[in-house]
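Let's take a walk through this one together. Pull up the viewer and keep the sequence handy as we go.

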Amino acid sequence: RIDKPSSFTYCMHLTQQPRPALLFTPFKRPVKEECMTFQLIIIGDEIIHGSRVDAHFSAIKTLLTERGLRLHSVQYLPDDRALITAQLKRSFADGIPTFVTGGIGGTPDDHTRQAAAAALNLPLALHAGAVPAIEAIAERRGESLDNPNHLTRLNMATFPEGADLVPNPYNNIAGFAMREHYFLPGFPVMAHPMVAWVLDTVYPH
């Protein structure tokens, strides 16, 4: 389905087909014998506008298929906070486990953390478990903890209140999880190992 409100949204429904630091302690959701389904939301103007080719869809679909799981749908969204918030409200209500890539960095065009908090009517809060990896960057660069660059990077440790951390083996800058939604960086080299970790830890098969 292609919807064109004020922004471009692309939603594709798929036919059925057969360690590091900053860990959270997840529940292990029992996976039933029937094929369990997941959603994927890919966020980023650069993908919508075609300046970067999406590398998430096929890779994450493969990670699921290898584990006997199925990708139910994939949706592409621009860096539009209101649109992301509206879609996340629907997605949380659906109750389908969902991977969300992109928009969790510390720059002004990163809106996913704020949108997730707004969708759940929760405040944003600095997560103590995510701070050390970001402080380590400042230390390596010889920056004080009140340096403006470090304070901007701390946005990457600010999540909806009550979030769990999803470990990032590439650089230890964690993603976060809320209500079976797993929010990951837009960089495939980071996101795909994080997806694998979630599947093997939370949804062991």
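A salt bridge here is a side-chain nitrogen of Lys or Arg within 4 Å of a carboxyl oxygen of Asp or Glu. By that rule, Glu 66 and Arg 67 qualify, with their side chains meeting at 3.7 Å, N to O. Keep in mind that this is a predicted model, so every distance quoted comes from predicted coordinates.

Let's stay with that pair for a moment. Is Glu 66 buried or exposed? Glu 66 counts as exposed, at 58% relative accessibility. Arg 67, on the other hand, is buried, with a relative accessible area of 18%; the cut-off for buried is under 20%. The pair also belongs to something wider: Glu 66, Arg 67 and Asp 200 are linked in a network of salt bridges.

Before going further, here's the overall picture. The protein chain has 205 residues, and 53% of them count as buried. It holds 7 helices and 10 strands. About 9,900 Å² of the chain is exposed, and carbon and sulfur atoms supply 54% of that area.

How far can you trust the coordinates? The chain averages a pLDDT of 86, and 83% of the residues score at least 70. Residues 1–23 are another story, with pLDDT below 50, although this stretch has 59 contacts in the model beyond near neighbours in sequence. Where pLDDT is low, the predicted coordinates should not be read in detail.

Now go to strand 3, residues 37–43. All 7 of its 7 residues are buried, so this strand is largely enclosed by the rest of the structure. In a regular strand the side chains alternate between the two faces of the sheet. You can see which residues go where: Thr 37, Gln 39, Ile 41 and Ile 43 point one way, while Phe 38, Leu 40 and Ile 42 point the other way, and all are buried.

Which strands does strand 3 pair with? One partner is strand 4 (residues 70–77), joined in the parallel sense over 7 bridges. Another is strand 5 (residues 98–101), also parallel, over 4 bridges. Ile 42 is a handy residue for seeing both pairings: Ile 42 stands opposite Tyr 76 in strand 4, and its bridge partner in strand 5 is Thr 101.

Ile 43 of strand 3 also leads us to Thr 112, which sits in helix 4 (residues 112–119). Thr 112 is buried, with a relative accessible area of 0%. Leaving aside neighbours within four places in sequence, Thr 112 is in contact with Ile 43, Ile 84, Val 100, Gly 102, Gly 103, Ile 104 and Phe 183.

Back to the salt bridges, of which the count comes to 4. Arg 52 forms one with Glu 46, and the closest N and O atoms are 2.8 Å apart. Both ends are partly exposed: Arg 52 is at 28% relative accessibility, and Glu 46 has a relative accessible area of 26%.

Next, look at Arg 153 and Glu 143, whose side chains meet in a salt bridge at 2.3 Å, N to O. Arg 153 lies in helix 6 and Glu 143 in the loop between helix 5 (131–140) and helix 6, so the pair ties together parts that are 10 residues apart in sequence. Both Arg 153 and Glu 143 are buried.

Helix 6 (residues 148–153) is also home to His 150. His 150 counts as buried, at 2% relative accessibility. Which residues does His 150 touch, leaving aside its neighbours within four places in sequence? The contacts are Ile 134, Glu 135, Ala 138, Glu 143, Ser 144 and Leu 145. Glu 143 therefore turns up twice, in contact with His 150 and in the salt bridge with Arg 153.

Finally, head out to the surface. Tyr 170, Phe 187 and Val 189 form a nonpolar patch there, with about 350 Å² of accessible area together. Val 189 belongs to helix 7 (residues 188–202) and is partly exposed, with a relative accessible area of 47%. Another partly exposed residue is Thr 65, at 33%, in helix 2 (residues 56–66). Thr 65 and Cys 35 are 30 residues apart in sequence, and their C-alpha atoms are 9.8 Å apart in space.

Notes
Residues numbered from 1 in each chain as written. Predicted model: local features only at pLDDT ≥ 70, side-chain atom pairs only at ≥ 80, totals over all residues. Heavy atoms only, no water. Helix = DSSP H or I, 4+ residues; strand = E, 2+ residues; numbered from the N terminus. Buried < 20%, exposed > 50% of the residue type's maximum accessible area, 1.4 Å probe, protein only. Contact = heavy atoms within 4.5 Å. Patch = residues over 30% accessible without salt bridge, like charges linked within 9 Å, V, L, I, M, F, W, Y side chains within 5 Å. Areas by Shrake-Rupley, 256 points an atom, 1.4 Å probe, with all protein chains shown as cover. Pairing = 2+ DSSP bridges. pLDDT = per-residue confidence, 0-100.
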